[in-house]
Structure formats: C-alpha cells, structure tokens
Amino acid sequence: VATDLAEELVRGGMPFRAAHALVGELVRESLSSGTSLCDLATAHHALGENVRPFFEPGAAARARTTPGGGGPMPVGAQLERARQRLSSHSHRD
C-alpha cells in the first residue's frame, strides 16, 4: 500500500522523492506509534479519505495491471499462455 500511496501523491503533482519521503514518514510513525497506516494516511492533508480504498483487502494486488505483473489479470494471462504452451507440447507426443 505504501507504493500506491506514493503513486497517488505523484499523480497529484508531488515529486516522487517527496512522495516517497512523506509515505516513509507515515510508515515509520505507524510502526512506532501503533496507529494504523490507514488512519494516518486518511488523516494526512496530502492524502485524505480518497485513499481509504487502497487499504481494502486485495486492492494492492488488483492495482498491479502491467503485463508480467503480480495482479490477478496479468497472472491470469501468464497462466493461460503457460497452459497453451503445455497443451501444444503434449500434442506433439
């Protein structure tokens, strides 16, 4: 989720280095205080309530949509290609 938070800040115009630093501070505060990262992020003026969906179970994985990525869609495509390759190899025998 930390990566998604930083990317959200960048989409809003913040330079990546600053976004990375801000999210890093929030993660450190969460770890040291025991306050959830979700609570800290949604309370922060640069992020706010619009990031709450980032913390829903599976949201981070579903956000990974690039080919070869770890999200459900790209993994499904990779599995289908692997099945097709296996099928074509088994038909040769």
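Which backbone nitrogen does the side chain of His44 reach? Some notes on that and on the rest of the fold; bear in mind that this is a predicted model.

1. **His44.** The answer is the backbone nitrogen of Ala46, which the side chain of His44 reaches at 3.0 Å. His44 sits in the loop between helix H3 (37–43) and helix H4 (59–62). If you skip its neighbours within four places in sequence, His44 is in contact with Leu22 and Leu26. Both of those leucines belong to the buried set of H2, so have a look at that helix next.

2. **H2, length check.** Helix H2 covers residues 16–33, which makes 18 residues. At 1.5 Å a residue it should span 26 Å, and the end C-alpha atoms are 25 Å apart, so the two figures agree. Just after H2 comes Gly34, with a positive phi near 85 degrees.

3. **H2, buried side.** The buried residues of H2 are Ala19, Leu22, Val23, Gly24, Leu26 and Ser30. Their cover includes helix H1 (2–11) and H3.

4. **H1 against H2.** Two packed helices are described by the angle between their axes and the distance between the axes. Here the axes of H1 and H2 come within 9 Å and cross at roughly 140 degrees. Angles over 145 degrees would count as roughly antiparallel, and H1 and H2 are therefore oblique to each other. The crossing of H1 and H2 is right-handed. On the H1 side, the contact is made by Ala2, Leu5, Ala6, Leu9 and Val10. H2 brings Phe16, Ala19, His20, Leu22, Val23 and Val27 to it. Leu22 is worth a click in your viewer: it is part of this contact, and it also touches His44.

5. **H1, buried side.** In H1, the buried residues are Asp4, Leu5, Ala6 and Leu9. What covers them includes H2, H3 and H4. After H1 comes Gly13, again with a positive phi, near 110 degrees in this case.

6. **Asp4.** Is this H1 residue buried or exposed? Asp4 lies in helix H1 and has a relative accessible area of 7%, so it counts as buried, the cut-off being under 20%. Apart from neighbours within four places in sequence, Asp4 is in contact with Arg11, Phe54, Ala60, Ala63 and Arg64. If you are setting up the side chains, those are the partners to display around Asp4.

7. **Phe55.** Like His44, Phe55 is in the loop between H3 and H4. Its relative accessibility is 24%, so Phe55 counts as partly exposed. Leaving out neighbours within four places in sequence, Phe55 is in contact with Val1, Leu5, Leu37, Cys38 and Ala41. One of these, Leu5, is buried in H1 and also takes part in the contact between H1 and H2. Another is Leu37: it is 18 residues from Phe55 along the chain, and their C-alpha atoms are separated by 8.9 Å.

8. **Leu79.** This one is in helix H5, residues 72–92. Leu79 has 42% relative accessibility and so counts as partly exposed. How far apart are the C-alpha atoms of Leu79 and Ser36? They are separated by 35 Å, with the two positions 43 residues apart along the chain counted as sequence distance.

Note on methods
Residues numbered from 1 in each chain as written. Predicted model: local features only at pLDDT ≥ 70, side-chain atom pairs only at ≥ 80, totals over all residues. Heavy atoms only, no water. Helix = DSSP H or I, 4+ residues; strand = E, 2+ residues; numbered from the N terminus. Polar contact = N/O pair within 3.5 Å; in protein donor to acceptor, adjacent residues only side chain to side chain. Contact = heavy atoms within 4.5 Å. Expected span 1.5 Å × (residues − 1). Buried < 20%, exposed > 50% of the residue type's maximum accessible area, 1.4 Å probe, protein only. Axes fitted to C-alpha atoms, helices over the stretch in contact; angles between N-to-C directions. Parallel < 35°, antiparallel > 145°, perpendicular 65-115°, else oblique. Left-handed = near helix turned anticlockwise from the far one by under 90°.
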